[in-house]
Amino acid sequence: MDNFVNDEGYFGAYGGAFIPEILHPNVKHLQNNYLQIINSEDFKTELKDLLKNYVGRPSPLYHAKRLSELYKTNIYLKREDLNHTGSHKINNALGQILLAKKLGKTRIIAETGAGQHGVATATAAALFGMKCIVYMGEIDMQRQAPNVKRMQMLGTEVIPALSGSKTLKDAINEAMRDWINNSKDTYYLIGSVMGPHPYPDLVGRLQAIISEELLTQVEEETGKAYPDYIIACVGGGSNATGVFYHFINNDKVKLICAEAAGQGIESGFSAATTHLGSVGILHGFKTIIMQTKDGQIEETHSISAGLDYPGIGPLLADLKDKNKCSFIPITDEEAIKAGFLLSQKEGIIPALESAHALAILDKMQFNIDENIIINISGRGDKDLETYFKYL
Amino acid sequence: MENRIDVVKNKKNILSVYFTAGYPSLNDTETIIKLLEENGADMIEVGIPFSDPTADGPTIQESTNKAIENGMSLQLLFNQLKSLRQYSNIPILLMGYFNVIYQFGVENFIENCKKTGIDGTIIPDLPLNEYNKDYKRLFEENNIYNIFFISPETNIDRIKEIDNASKGFIYVLSASQTTGKNISESKSIETYLTHLKSLNLSNPFLVGFGISNKQSFDYVCQYANGAIIGSAFVKAIAKGNLEESIKNFVNNIKKV
């Protein structure tokens with residue numbers, strides 16, 4: 001497997017571990033042990049079994065024929081929405097909970113935006129009999145109410161983050177405070193490719209199963225060794241990192257990230273980090289973040305709670321610098337439209353996050369002989385309330 | 001020129017007080033510094049507000065939010081402190097999260113610190129390795145002391161590493177927690193502080209996080225050169241007359 005991160009936790013100019021000294025022993029311990037643990041045979045065997053028999057992997061690569069016809073190209077959907085719990089987040093949650101167990105931790109904390117990572121973590125914690133607390137922005141708790149109930153039903157305590165914009169960023173702040181106050185027994189199960197080293201690398205490796213499966217699926221479905229394009233939505237960037245991972249060093253594959261433009265890039269209500277952001281340090285790592293000239297973090301907006309984050313993973317920031325990945329802003333409205341289109345053309349209701357990736361189809365020109373993979377990172381059940389407003 | 005931290009660091013019962021710049025009102029900075037010095041505080045930490053203070057509890061979070069709302073920024077803080085050394089001789093440190101300093105430009109920041117007469121910095125999310133790699137020279141050339149932390153979980157090798165890298169003093173966390181929670185005078189904190197004292201570190205240490213009143217101040221001063229009070233002070237000046245509340249606060253801690 002390719003190694004994108006250096007020993008100090010940097011992907012090019014981004015990453016690192018900007019943590020208070022209190023967390024140093026904890027993070028250092030994780031840095032020193034994560035690779036050895038996740039590469040060990042018994043870890044790999046146990047995770048592989050869970051991914052197959054509990055999650056239902058491999059997730060299919062589905063040739064969306066009616067959508068392909070409409071756009072006059074070949075569109076394939078990587079169906080992470082069919083995973084147990086309804087999104088790609090479970091890949092990471094199960095991997096990290098196994099890691100937490102091996103590190104001797106007994107209490108799990110997590111942050112969640114859309115609630116998908118919260119549900120995945122609550123599920124994994126229930127499966128392993130571990131105590132679990134999930135922090136969620138108060139606004140996200142309202143707009144993703146069914147996921148709050150799901151977590152509670154799974155035995156997890158959901159604590160509202162009441163500060164700042166009351167969304168994902170603030171949930172992370174609260175989770176980090178909890179971690180500082182309980183560093184001995186608690187494992188912080190971060191849901192995206194963010195946070196201090198080694199989290200971006202760890203989460204990227206655990207999500208890399210998505211592109212690992214593609215290595216054989218693409219050949220089977222298309223007859224070619226690799227696709228021409230891979231498209232994914234980006235909030236923090238875990239599904240994008242996972243679906244790109246094994247193709248990052250293949251220059252023939254074009255990688256496209258759909259960013260949440262919210263009400264439009266210039267509207268002041270946006271989460272298009274790479275278009276509006278600059279280099280800074282937030283949540284323990286250096287990356288591109290949305291901030292004022294004084295270095296205060298800006299409140300973001302997206303119709304999709306999972307993309308409502310002012311930063312992006314350090315690997316993706318590095319790929320952007322190196323022009324290996326393009327970032328295209330998608331507005332709330334465009335995402336909704338793409339969500340309805342997939343529902344009515346293919347009978348698949350995508351999560352609002354994934355709908356951003358689908359909206360790229362209207363933004364680019366593809367040839368009739370090209371193969372496009374779009375990562376359907378999650379299913380739309382949690383977003384029905386929002387979709388219904390547009391019926 | 002001598003760093004003012006060196007003048008006081010070996011005293012006993014050092015009281016270092018933290019407040020958030022721009023709180024309770026935007027232009028209180030100079031007044032608070034003058035009143036703290038007049039009433040007998042030994043050192044001052046001026047907080048640079050940041051929107052996402054992850055190591056802080058509710059009191060300091062609220063004060064930083066309010067300060068940002070009031071319009072506080074690092075540039076404005078330096079403007080407010082322009083004539084600092086005409087009226088004050090107390091050691092002053094700036095404390096804040098790294099992103100604000102990074103956006104300001106670290107070189108620009110240090111230049112302004114030097115010009116203003118700032119003696120040190122405390123940057124909770126700038127760990128030792130990142131500091132050493134990119135910024136150590138800059139700070140040292142300008143005689144600005146960057147203060148590092150030790151927590152009860154810090155192992156002995158790391159303590160020695162931090163002691164070697166430190167100038168001025170070491171900021172010892174009373175417990176592994178965010179700011180604003182009261183310490184408990186337990187066996188474990190006594191053991192921890194006694195152990196630290198027995199190591200005969202080359203730097204004196206001040207204890208912070210959870211020191212809120214005379215009792216906890218006196219308690220930790222048995223083991224350390226002094227203590228840092230933040231949240232309790234921020235709470236004390238939230239309402240009412242600054243002159244009165246600061247006088248009462250410092251006198252209450254310092255009375256013999």
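Which side chain does the side chain of B:S88 join in a polar contact of 2.7 Å? The partner is the side chain of B:E37. This briefing concerns a predicted model and treats two places in it: the surroundings of B:S88 in chain B, and strand β10 of chain A, which spans residues 254-262.

**The surroundings of B:S88**

- In chain B, B:S88 is part of the loop that runs between α5 (84-87) and β3 (92-96).
- With a relative accessible area of 4%, B:S88 counts as buried because this value falls under 20%.
- Leaving aside residues up to four places away in sequence, B:S88 touches B:I33 and B:E37.
- The contact with B:E37 includes the polar one between the two side chains, at 2.7 Å.
- B:G117 is 29 residues away from B:S88 along the chain, and their C-alpha atoms are separated by 9.8 Å.

**Strand β10 of chain A and its partners**

- Strand β10(A) is largely enclosed by the rest of the structure, because eight of its nine residues are buried.
- β10(A) pairs with strand β9 (residues 229-234) of chain A in the parallel sense, over six bridges.
- β10(A) also pairs in the parallel sense with strand β13 (residues 325-331) of chain A, here over seven bridges.
- Within β10(A), A:L255 stands opposite A:I230, and the bridge partner of A:L255 in β13(A) is A:C325.

**The link between β9(A) and β10(A)**

- Together with helix α11 (residues 238-244) of chain A, β9(A) and β10(A) make a β-α-β unit.
- This β-α-β unit is right-handed.

Technical notes
Residues numbered from 1 in each chain as written. Chains lettered and ligands numbered in written order. Predicted model: local features only at pLDDT ≥ 70, side-chain atom pairs only at ≥ 80, totals over all residues. Heavy atoms only, no water. Helix = DSSP H or I, 4+ residues; strand = E, 2+ residues; numbered from the N terminus. Buried < 20%, exposed > 50% of the residue type's maximum accessible area, 1.4 Å probe, protein only. Contact = heavy atoms within 4.5 Å. Polar contact = N/O pair within 3.5 Å; in protein donor to acceptor, adjacent residues only side chain to side chain. Pairing = 2+ DSSP bridges. Right-handed = clockwise from strand over helix to strand, strands pointing away.
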